[in-house]
Amino acid sequence: MNTPLFRTLVFLASAFSILTPLHAADAPAITPDKVDLKFSFGPQPVPGFTQVKPDDNYTIERGYGFDLSSTVSVVDNGGNDPLKSGYVIGAKGKPFFFSVKLVPGVYDVKVTLGDAKAESTTTVKSETRRLMLEAVKTLAGKTETKEFYVHLRVPQYPGGSVGLKPRENMFSWIFVYWEDTKPMTIMELDWDEKLTLEFSDAHPALCTVEITNAEKPLTVYLVGDSTMTDQNMEPWGAWGMQFPRWFKPPVAISNYAESGESAVSFIGERRWPKLMSEVHPGDYILIQFGINDRATPIDRFKQALVQMVTEARAKGAIPVIVTSQNLRSGFWGPDGKGQQTLGGYPYAMWEVATEQKTPYIDLNVLSTKLYEAFGQDRMPELFTPHAVNPSINRNASRDSTHHSDFGSYELAKCVVQACIDAKLPFAQSVVDDWKTFDPSHPDSIDAFKLPLDPQYDPDCKENDALPKVPVPVAGQPGRMADPRSAAAPARGAASGRGPAGRGPRGTAATAPASTAPTTSTAATPTATGP
């Protein structure tokens, strides 16, 4: 998978996808027709619902079904109430996926969970590992209905198409492991024709799913790089994929961030024009860059940010400037305290926010507080381990840029709290179980129990204390070198799953520490935006 020929094919595919619109003339409408779908999963039919049976696998022709080769079984609890007569659960306690074919838009999703005979615990994710509901518990004999909004998209838009990377449009890039030695490959779930839901945890019990058009959604768009994107495989994490967990309707989180992006490339790959084609007045756009931009002159970097701010406002949207979190490498200074690791780019973002009078969130400063709270010994645990399950291999090396599930979870809470402190109106719709978060007093690593997804990076899985896994791409065995060894390629350099496309660092103008802002906002927005 890491041969010179493979790298050449990846480069050519990437270049072709960036230069060639994908069926732009066939771009679907942004506003879907009326949708009112109801699915039940128990042993008895529920009036008004489509009963989904364990062997109803997803096909485009059927339009719904269990997906990604999920294996499920139905638990029959009996009784006269068809809604409580049973539920569906993943085979052998594994997660399972359910997909429904839909056109782009924002959808209201309601899931009813519960087991008539036992306590249930269910975590729900959507699309590419977006956390929607965390560890929802129901008592034996009880059911609970939870609601959230999901945003769906495709690459096409009127007049063009996003220049997708190979990792976004090739089958050989994302791996699902139902068994340790038999991976299957799938396409990126964020750009396809369907809504995909994942159900997992200690005892997930799914009774029904209902999908309708969202009523007057307030969409919060995320624009940035791999530290914000929906990371497509374990053990990679990013704060944008954890962000939806903390919001309830009418807020919908739409994560447009992608690995390897800079402010300039995000525009050049037509990701920004795509977003502009569907944004509505009153929507918010959180813009975070500064890591991959270090090869870009600061003046050009600021120019791209100003373009985004200007065009967002022209659409009636409210842009919010967010600085990037610090890197692990070079963070600890000789005095044992944390130091800024991104040169002059966070300061440049503050300058743009101040000059343009936009809301401003200094995640760079907040990440410093978070890292320092864990100290030098445990701070690396906030970053991606080069093993899927670090509890198996605690000696696995750690990434310098990307975060673990826990680290990204904590950074998402930093951003949520900053939005609340900045009095951004959409932050009024935080979930009922939200608690004020102080990065100087973060959550316990040892108490974090978010279940692992079956999408595993094979490079990292090889580093677990498990059998080595052959990767079936183009008939070639998987790379078996230990990521910590000198024989292994740099993480993400060719695989595209890590810090893809970062490139060499440019010379960055460093702002004097005394002039850098330390507050979470540069301007306080009103209800109608700045």
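A cavity here is a set of grid points where a 1.4 Å probe fits but cannot get out. Keep that in mind, as we'll go looking for one in this predicted model.

**Stop 1: the whole chain.** Start with everything shown and color by secondary structure. You should find 10 helices and 23 strands. The chain has 530 residues, and 58% of them are buried. Now switch on a surface: about 20500 Å² is exposed, with carbon and sulfur atoms supplying 54% of that. Contacts are worth a thought too. Take those between residues at least 6 apart in sequence: 76% of them join residues at least 24 apart.

**Stop 2: a hidden hole.** The structure holds four cavities of 30 Å³ or more. Let's visit the second largest, with a volume of about 40 Å³. Select Met132, Phe148, Tyr149, Pro244, Phe247, Val251, Ala252 and Ile253, and you have its lining. Two elements give two or more residues to this lining: strand 10 (144-152) and strand 18 (251-255). Which of them gives the largest share of the lining? That's strand 18, with three residues. Try coloring the lining by residue type: you'll get eight nonpolar residues, no polar ones and no charged ones.

**Stop 3: the largest nonpolar core.** Hang on to Phe247 from the cavity lining, since Phe247 also turns up here. This core has 46 residues, and the members touching the most other members are Val220, Trp239, Phe243, Phe247, Leu286, Cys419 and Phe426. Next, highlight the elements that each supply at least two residues: strand 17 (218-223), strand 18, strand 19 (284-289), strand 20 (318-323), helix 8 (363-378) and helix 9 (405-421). Helix 9 gives the most, with nine residues.

Zoom in on Val220 and show what surrounds it. Leaving out residues up to four places away in sequence, Val220 touches Phe243, Val251, Ala252, Ile253, Ser254, Tyr284, Leu286 and Phe426. Three of those names, Val251, Ala252 and Ile253, should ring a bell from the cavity lining.

Apart from this core lies another one, of 31 residues. To find it, select Ala263, Ala304, Met308 and Ala317, which are among its members.

**Stop 4: a glycine to finish.** Select Gly268, in helix 4 (residues 263-268). Why does Gly268 count as partly exposed? Its relative accessibility is 49%, and partly exposed covers the range between under 20% (buried) and over 50% (exposed). Finally, add Gly163 and draw a distance between the two C-alpha atoms: Gly268 and Gly163 are 8.6 Å apart in space, yet 105 residues apart in sequence.

Conventions
Residues are numbered from 1 along each chain as its sequence is written. This is a predicted model: local features need pLDDT of at least 70, side-chain atom pairs count only at pLDDT 80 or more; totals for chains, interfaces and linings use all residues. Side-chain values use heavy atoms; hydrogens and water are left out. On a 1 Å grid over the protein atoms alone, a cavity is a set of points where a 1.4 Å probe fits but cannot get out, and a pocket is an open set with protein on both sides within 12 Å along at least five of seven lines; lining residues have an atom within 4 Å of a point. Grid points are joined across faces, edges and corners, and a volume is the space filled by probe spheres set on the points. Helices (H or I, at least four residues) and strands (E, at least two) are DSSP runs, numbered from the N terminus. Ala, Val, Leu, Ile, Met, Phe, Trp, Tyr, Cys and Pro count as nonpolar, Asp, Glu, Lys and Arg as charged, and the others, Gly among them, as polar. A nonpolar core is a set of buried Ala, Val, Leu, Ile, Met, Phe, Trp, Tyr and Cys residues joined through side-chain atoms within 4.5 Å. Buried means under 20% relative accessible area, exposed over 50%, partly exposed in between (1.4 Å probe, protein chains only). Contact means heavy atoms within 4.5 Å. Accessible areas come from the Shrake-Rupley method with a 1.4 Å probe; for residues, only the protein chains shown count as cover.
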